[in-house]
Amino acid sequence: MIKKFFQTGAADLSASIVVLLVALPLCLGIALGSGAPLFSGIIAGVVGGIIVGALSGSQLSVSGPAAGLTVIVATAILKLQVFEAFLLAVVIAGVLQIILGFIKAGVIGDYIPNSVIKGMLAAIGLILILKQFPHLVGYDADFAGDESFDQGNKENTFSGIFNAINYITPSALVIGGVSLLILMFWEQKFVKSKKWLQLIPGPLVVVLAGTIINECFKLYQPDYALEAKHMVALPEASSMKEFLSFFTFPQLKYLNNPDVWVTAVTLAIVASLETLLGIEAVDKLDPLKRVSPPNRELKAQGVGNIVSGLLGGLPLTSVVVRSSANVNSGAKTKLSTILHGAFMLLCVFFIPFILNKIPLAALAAILIFTGYKLAKVSLFKEFYQKGWDQFMPFVITISAILMTDLLKGILIGIAVGLFYMIRSNFRSSVLVVNDQNKFLFRLRKDVSFLNKPIIKKKLEEVTENAFVLIDATRADFIDKDVIEEINNFMTHAHLKNIVVEIKKSQYKQVHLLFNEPILINKEL
């Protein structure tokens, strides 16, 4: 155990620093976009790292405040009017998530098609590239971490990019450009061949370089130095008393408010869905292909939301952006997640004034590079080669997420995947072959009522004096509607002088009877 710890500890430590750098602006940005106190985002990030990280069965998933909940949180805070009432809803949502874990609701995640999960990952990659480009060039009108197409500043993803081009901040562009070059250099074989360089996270070098460049601007070209609005903005406390004042606590007196319960149920359902999607996505990225227990994850998220709500934090979920940064940084175990939460707490307590010197452009470069790794061209080629039944759900999921938001896009992707699944089953369940005046009807797998129209049509096309062989040996189930259609055909076949033969299972008698389904057990 100790040997394994030393083998993975260095990688987890390095990855935790990267996740910290990615998570800090996202926690603050999501809190800002939600209309909540900035420190509530930090609380959620710390709890997601330490509490959820310790309880979760996932080795690489990272939890924290999620952009997908921003609209729900902002609406709830506006409706409840009192932040303490909203915090009570977060606590109740956590309790509901624990209940969902115990009743094994996590099985829902197993029904999400692989093409949709991969589409979600690629979409998040593209969102990171598109959404972070304005921050890379110094246009910080939208909050960091926004994933929705329609932004809170009355712009959308594409108009934000066009406006960014018109409002470029030269020093931010320099910092962003240098940051991207450093990250690309850190991926070269030369760097990867040096073990001592691999211990230094590329994003940490980026943050240090960006900070030093801006400090040099302050010293030698003050007019070009970045303003505070282009920097990380952590709350600073001058004393322990002031630091403790950042925490807010829920009040039980709002328990009789029905809006609190509606908010709690909404948060529990949406946060649970996003979490299940998140761990499914992370398992796909895991080089070791470990499987995260979904019900345990729901319980861990529930405990996390209870603690976050009790301390004044935002609701949290498993977050793909942070998790993918964790995977790409070489994390091996959940230690990375826990350490990032601990480091975040230490940083906001001891050195917020140092972190507030970090340019958002440098952090944007890190997120853009993470997005590039999630949405590589090779991934699109891979799904194109798999066929349209895989490629279309993949592409439509990406498009839907880009044009709406994560949850709506996933639901659209699942609907498309379901359509192609039914279509595939519809086509493969019935095989009809016609050779001159001989017809073969082969029923395979599950023959449902959806197959009735094609069977009916093909039976009507059988010509006079024909021979028809109905092979049911490969079917696991035949629906009553299909049986009735075949029986109707058999009843009137003699009028056209049609000979019908039914090929039954050699191990178990199969009878085509009115109002009786055919059940065939291949193993018998």
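Colleague: How do you know that the span of helix α19, residues 388-403, agrees with what its 16 residues should give?

Modeller: Keep in mind that this is a predicted model. Helix α19 has 16 residues, which at 1.5 Å a residue should span 22 Å, and its end C-alpha atoms are 22 Å apart, so the two values agree.

Colleague: And which residues of α19 are buried?

Modeller: They are F391, P393, F394, T397, I398, A400, I401 and L402. To be on that list a residue has to have under 20% relative accessible area.

Colleague: What about α13, how far does it reach from its first C-alpha to its last?

Modeller: Helix α13 covers residues 294-311, which makes 18 residues, and it reaches 26 Å. The expected value at 1.5 Å a residue is 26 Å, and the model comes close to that.

Colleague: What covers the buried residues of α13?

Modeller: The buried ones are N295, E297, L298, A300, Q301, G302, G304, N305, I306, S308 and G309. Their cover includes α2 (38-55), β1 (63-65), α4 (83-102), α12 and β2 (316-318). Just past the end of α13, G312 has a positive phi of about 100°.

Colleague: Why is I165 called partly exposed?

Modeller: I165 has 46% relative accessibility. Buried needs under 20% and exposed needs over 50%, so a value in between counts as partly exposed. I165 sits in helix α6. Its C-alpha is 9.5 Å from that of F133, although 32 residues separate the two along the chain.

Colleague: Now the inside. Which residues have the most contacts inside the largest nonpolar core?

Modeller: Those are I42, F86 and M120, in a core of 102 residues. Helix α17 (residues 360-374) gives the most to this core, with eleven residues.

Colleague: What makes 102 residues count as one nonpolar core?

Modeller: Each has to be a buried residue of a nonpolar type, and they have to be joined through side-chain atoms within 4.5 Å. The 102 residues meet that rule, so they make one core. In general, nonpolar side chains in soluble globular proteins tend to be buried together.

Colleague: What is I42 in contact with, leaving aside its neighbours within four places in sequence?

Modeller: With L24, C27, L28, L234, M344 and V348. There's also a second, separate core of 20 residues, which includes L459, V468, I486 and F489.

Colleague: On to empty space. How many cavities of 30 Å³ or more are there?

Modeller: Five. The largest has a volume of about 210 Å³. It is lined by 23 residues, and A67, G145, E147, V319 and V321 are the closest to its centre. Two or more lining residues come from each of α1 (2-34), α5 (114-136), α12 (258-285) and α14 (320-328). Of the elements, α5 gives the most, with six residues.

Colleague: What is that lining like by class?

Modeller: The lining of the largest cavity has 13 nonpolar, five polar and five charged residues.

Colleague: Which elements give two or more residues to the lining of the second largest cavity?

Modeller: The second largest cavity holds about 80 Å³ of space, and its lining residues include L130, K131, P134 and H135, along with T157, G160 and I161. The elements you're after are α5 and α6 (157-166). Here too α5 gives the most, with four residues. Its lining divides into five nonpolar, four polar and three charged residues.

Colleague: What makes the space of about 480 Å³ a pocket, when the others are cavities?

Modeller: In a cavity the probe fits but cannot get out, whereas a pocket is an open set of points with protein on both sides, so the name turns on that opening. The largest pocket has a volume of about 480 Å³. Of its 23 lining residues, E187, G202, N328, S329 and G330 are the closest to its centre. At least two lining residues each come from α1, α7 (170-186), α10 (202-220), α14 and α17. By class that lining has twelve nonpolar, seven polar and four charged residues.

Colleague: Last one: how many helices and strands does the protein chain have?

Modeller: It has 22 helices and seven strands. Of its 524 residues, 51% are buried. The C-alpha trace spans about 100 × 60 × 55 Å along its principal axes.

Terms used:
Residues numbered from 1 in each chain as written. Predicted model: local features only at pLDDT ≥ 70, side-chain atom pairs only at ≥ 80, totals over all residues. Heavy atoms only, no water. Buried < 20%, exposed > 50% of the residue type's maximum accessible area, 1.4 Å probe, protein only. Contact = heavy atoms within 4.5 Å. 1 Å grid on protein atoms, 1.4 Å probe; cavity = no way out; pocket = protein on both sides within 12 Å on 5 of 7 lines; lining within 4 Å. Points joined across faces, edges and corners; volume = space filled by probe spheres on them. Nonpolar A, V, L, I, M, F, W, Y, C, P; charged D, E, K, R; others polar. Expected span 1.5 Å × (residues − 1).
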